[in-house]
Amino acid sequence: MISSFVITGFLGVGKTTMLTNSVQHYFPDKKIAVIVNEFGDIGIDSKILTNVYSEVLEISEGCICCQLSEEFEKGVTEIIANYNPELIFVETSGASEPFPIYMSLQNLGVTVEGVICVVDAKHFSAYKENSTAKYQLGGSNIIVLNKTDLVDETEALAVENEIREIKDKYNIKNTMTGKPIFNHYVIHRAQHGLVNKEVFEGVYRLEEVLKFAEDFSHHDHTSKDSLGQKVVYLKNDSYFADVDAVLQNMPLSIYRVKGVVKVKDVPQAIVVNYAFGDVTFEELDVYEGKSLLILIGENIEADVQELCRKFEILSLPRFTLKS
Ligand SMILES: Nc1nc2c(ncn2[C@@H]2O[C@H](COP(=O)(O)OP(=O)(O)OP(=O)(O)O)[C@@H](O)[C@H]2O)c(=O)[nH]1
Ligand SMILES: [Mg+2]
């Protein structure tokens with residue numbers, strides 16, 4: 001029997017960080033396959049994750065909980081046939097709900113040990129009103145309060161209380177009986193995605209809920225949440241300080257930036273990771289592609305136009321593929 005975990009949580013909360021830190025730490029000898037669905041059509045996470053795991057399947061362009069369940073199920077079937085993993089981790093995009101993915105895995109005969117929702121302790125108030133964020137909490141049974149290094153105990157407790165309120169309200173229910181599908185949930189704390197081992201030990205294993213699954217109505221979040229993404233390229237003769245200046249001047253309505261850039265004064269390519277004003281940089285050993293940034297936000301068209309006007313090093317792709 002193949003086991004799996006679904007990792008959900010809003011944009012930039014630390015899902016990939018958990019996969020690179022905790023998972024590898026706890027399962028050094030297991031055959032692990034990772035499936036990652038990113039918001040946006042260029043997979044930065046899969047580039048990071050392939051440095052850590054040998055089997056990484058990237059499902060891009062669209063949301064696996066809405067449009068891509070067929071592609072997702074095909075991908076899982078292929079990864080099982082070709083690699084025969086003992087454990088599968090699915091990182092859902094920050095804009096998708098976990099429950100449909102849970103159902104797909106179950107339909108394929110893969111045991112779901114837990115649905116983990118990662119929460120950003122520092123930036124929770126900035127995104128908690130987003131309806132997808134609420135349904136992500138409602139559809140999970142293990143909640144990881146991450147980035148606790150950035151808040152004090154009072155703030156952490158306040159977020160935990162808010163999580164409990166939302167969880168009670170949005171806990172997914174059987175539409176026939178009105179009873180919650182997941183009876184219990186736990187909240188763990190983490191820094192840089194490093195959680196207590198019991199999160200992955202199956203102690204919170206979900207009961208079989210397949211019989212309820214047909215009654216679950218998927219909420220149409222794509223039309224309600226106006227998140228959009230845009231890619232910008234970086235000119236070849238840019239310096240690190242130029243990139244930093246762009247990030248320092250991000251409008252508030254852009255809350256996630258990911259990308260890989262090559263600059264003149266750093267020998268290796270740099271992975272840029274920006275979430276709600278905080279930014280980290282990491283070096284990437286192998287990268288042959290273009291220097292690019294993916295920006296995600298609520299007023300994305302206008303914001304990106306403005307950024308490109310302000311910063312000469314940025315340019316928009318000349319062609320965009322219509323989806
Ligand atoms: N200070 C701090 N930063 C963190 C922590 N966990 C993650 N980060 C940083 O947060 C940023 C986003 O982390 P990711 O792991 O890429 O987040 P994600 O949820 O996978 O993001 P998406 O896939 O784009 O939705 C990165 O810059 C991380 O280095 C943490 O516990 N503390
Ligand atoms: Mg990620």
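Begin with the open sheet of this predicted model: seven strands lie in the order 3-2-4-1-5-6-7, with parallel pairing. Select residues 55-59 and 186-189 to see the edges; these are strand 3 and strand 7, each pairing on one side only. Across the sheet, neighbouring strands are turned by 20 degrees against each other on average, direction ignored.

Next, select residues 3-8 and 111-120. These are strand 1 and strand 5, which pair in the parallel sense over six bridges. Within this pair, look for Val 6, which stands opposite Val 115 of strand 5.

Now add residues 15-26, which form helix 1. This helix packs on the sheet and touches strand 1, strand 2 (32-37), strand 4 (87-91), strand 5 and strand 6 (142-146). The direction of helix 1 makes about 155 degrees with that of strand 4.

Turn to the side chains. The largest nonpolar core has 57 residues, and Phe 10, Phe 89, Ile 116, Val 119 and Phe 200 have the most contacts inside it. Both domain 1 (3-222) and domain 2 (226-315) supply at least three residues to this core. Select Val 119 and its surroundings: leaving aside neighbours within four places in sequence, its contacts include Val 13, Phe 124, Tyr 127, Leu 137 and Ile 163.

Finish with two loop residues. Asn 84 sits in the loop between helix 3 (69-83) and strand 4; though not a glycine, Asn 84 has a positive phi of about 50 degrees. Lys 147 is in the loop between strand 6 and helix 7 (153-170). Its phi is also positive, near 60 degrees. Is Lys 147 buried or exposed? With a relative accessible area of 16%, Lys 147 is buried, because buried means under 20%.

Definitions and conventions. Residues are numbered from 1 along each chain as its sequence is written. Chains are lettered from A and ligands numbered from 1 in the order in which they are written. This is a predicted model: local features need pLDDT of at least 70, side-chain atom pairs count only at pLDDT 80 or more; totals for chains, interfaces and linings use all residues. Side-chain values use heavy atoms; hydrogens and water are left out. A nonpolar core is a set of buried Ala, Val, Leu, Ile, Met, Phe, Trp, Tyr and Cys residues joined through side-chain atoms within 4.5 Å. Buried means under 20% relative accessible area, exposed over 50%, partly exposed in between (1.4 Å probe, protein chains only). Domain bounds come from an automatic or database domain assignment. Contact means heavy atoms within 4.5 Å. Two strands pair if DSSP finds at least two bridges between them. Helices (H or I, at least four residues) and strands (E, at least two) are DSSP runs, numbered from the N terminus. Axes are lines fitted to C-alpha atoms, for helices over the stretch in contact, and angles run from 0 to 180 degrees between N-to-C directions.
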